[in-house]
Amino acid sequence: MDKKKKHGTLRLVVQAAAAALSNGYIKGFSQGRIYEGSLKYLCVPGMNCYSCPGALGSCPIGSLQATLNSRDYKISMYVVGFMITVGTLLGRFVCGFLCPFGLIQDLLYKIPFIKKFKKLPGEKFLRWFRFVFLAVFVIILPMFVVDFIGLGEPWFCKYVCPVGLLEGGVPLVLLNKAMRGAIGFLFKWKFSILILTLLLSIILYRPFCRYVCPLGAFYGIFNKFSFIRYKVDPLKCTQCGICQKACKLDIPVYKKPNSMDCIRCGDCKVSCPHNAITSIQIRPSGHSY
């Protein structure tokens, strides 16, 4: 097995294991009910819906929305602290290796199609939308658009996020007869977003991660400062562009090894013919090794 295939297999195994650990409540799938035990108070690193029948933990984005306007500030500070800690340690390595919805998009992209697209028109502009979703739908609206008792809604989860419908809404509707009668416009609206995302994932690599995911936007801010990041050796790099061709997100890695868009999949590293790209781990003292 060559280096690229070995790396791809290893990454797939890690992704599958992370998804299985995040959704280990098997009883939930058989009973059509979500897990409500003490583990649900803890966040998982990636996008994994609280309402998934198998989910053992909570999605950081859903938890953040639910607690930003909470009177119990300790809960909000836990979620924010968790996200900052994960971002500082791993950056978007979470997106490349630990996110269940990232795995789903990866598998969909493997489906053969007439033409695959490297990017969409207006790509640079579109990639900023995930920061709009983070700022507006995750933070501003839940904090300031509130009802008569001062509580806000989880705007991103309720009106935008296809992850929640795929992992939570659809399984619960299929497994729980009582919920089928509650299907209305909102479910149909979210279902259309989900179908669009899944279909687009076949021809374009990770559209949700590129343009929508607020968690990826947040982690991406830490890519340049995280304990684990990439380094390009200027003595070995010839700027041949092979790393960019290997990158499914079309990042010029030789110029921007720690781009906010990089999901740390490692394809650039194993494709570099000069071994110029390496991972460096930053010690707390500031030294690398």
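Which exposed residues does the face of H1 turned away from its buried side carry? Keep that question in mind while the model, which is a predicted one, is turned to show its first helix.

**The whole chain**

Begin with everything displayed and coloured by secondary structure, where the protein shows 16 helices and two strands. Of its 289 residues, 46% count as buried, and among the contacts with a separation of 6 or more, those between residues 24 or more positions apart account for 72%.

**Stop one: helix H1**

Select residues 3-22, which form helix H1, a run of 20 residues that reaches 29 Å from its first C-alpha to its last, close to the 28 Å expected at 1.5 Å a residue. Next colour His7, Arg11, Gln15, Ala18, Ala19 and Ser22, the buried residues of this helix. Seen down the axis of H1, these buried residues fall within an arc of 100 degrees, so they line one face of the helix. The general background is that an α-helix has 3.6 residues a turn, so residues three or four places apart point the same way.

Now turn to the opposite side for the answer to the opening question: the face directed away from the buried side of H1 carries the exposed residues Lys5, Lys6, Leu10, Val13 and Leu21. To see what covers the buried residues, add helix H5 (93-98), helix H6 (100-109) and helix H16 (267-271), which are included in that cover. Before leaving, zoom in on the N-terminal end of H1, which is capped by aspartate 2, with a side-chain oxygen 3.2 Å from the backbone nitrogen of lysine 4.

**Stop two: asparagine 48 and proline 60**

Select asparagine 48, in the loop between helix H2 (26-31) and H3. This asparagine is buried, with a relative accessible area of 0%, and, if residues up to four places away in sequence are not counted, it touches Ser22, Asn23, Ala55, Ser58, Cys59, Pro100 and Glu167. One of these, Ser22, is also among the buried residues of H1.

Move on to proline 60, which belongs to helix H3 (residues 60-68) and counts as buried at 0% relative accessibility. Drawing a line from its C-alpha to that of glycine 46 gives 7.5 Å, although the two are 14 residues apart in sequence. Beyond its neighbours within four places in sequence, proline 60 is in contact with residues including Cys43, Val44, Phe82, Met83 and Tyr219.

**Stop three: the nonpolar cores**

Which residues of the largest nonpolar core touch the most other members? Select Met47, Ile61, Met83, Phe156 and Phe208, which do so among the 34 residues of that core. The elements giving two or more residues to this core are H3, helix H4 (73-90), H6, helix H8 (129-144), helix H12 (185-203), helix H13 (207-211) and helix H14 (214-220). Centre the view on isoleucine 61, which touches Met47, Met83, Val138, Phe156, Pro214 and Leu215 when residues up to four places away in sequence are not counted. Apart from this core lies another, of 18 residues, among them Tyr205, Cys268, Ala276 and Ile277.

**Stop four: helix H10**

Show residues 162-175, which make up helix H10, with 14 residues and a reach of 19 Å from first C-alpha to last, close to the 20 Å expected at 1.5 Å a residue. Follow the axis to glycine 169, where a kink of about 30 degrees lies shortly before proline 171. The buried residues of H10 include Pro162, Glu167, Gly168 and Pro171.

**Stop five: threonine 197 and two arginines**

Select threonine 197 in helix H12, which is buried, with a relative accessible area of 11%. Its side chain reaches the backbone oxygen of isoleucine 193 at 2.8 Å, and, leaving aside neighbours within four places in sequence, threonine 197 is in contact with Phe101, Pro162, Pro207 and Phe208.

Finish with two arginines, bearing in mind that most residues other than glycine have a negative phi. Arginine 206, in the loop between H12 and H13, has a positive phi, near 50 degrees, and is buried, with a relative accessible area of 0%. Arginine 264, in the loop between helix H15 (242-246) and H16, also has a positive phi, near 60 degrees, and counts as buried at 3% relative accessibility.

Terms used: Residues numbered from 1 in each chain as written. Predicted model: local features only at pLDDT ≥ 70, side-chain atom pairs only at ≥ 80, totals over all residues. Heavy atoms only, no water. Helix = DSSP H or I, 4+ residues; strand = E, 2+ residues; numbered from the N terminus. Buried < 20%, exposed > 50% of the residue type's maximum accessible area, 1.4 Å probe, protein only. Contact = heavy atoms within 4.5 Å. Expected span 1.5 Å × (residues − 1). Arc of directions from axis to C-beta. Polar contact = N/O pair within 3.5 Å; in protein donor to acceptor, adjacent residues only side chain to side chain. Bend = angle between axes of the 7 residues up to and from the residue. Core = buried A, V, L, I, M, F, W, Y, C linked by side-chain atoms within 4.5 Å.
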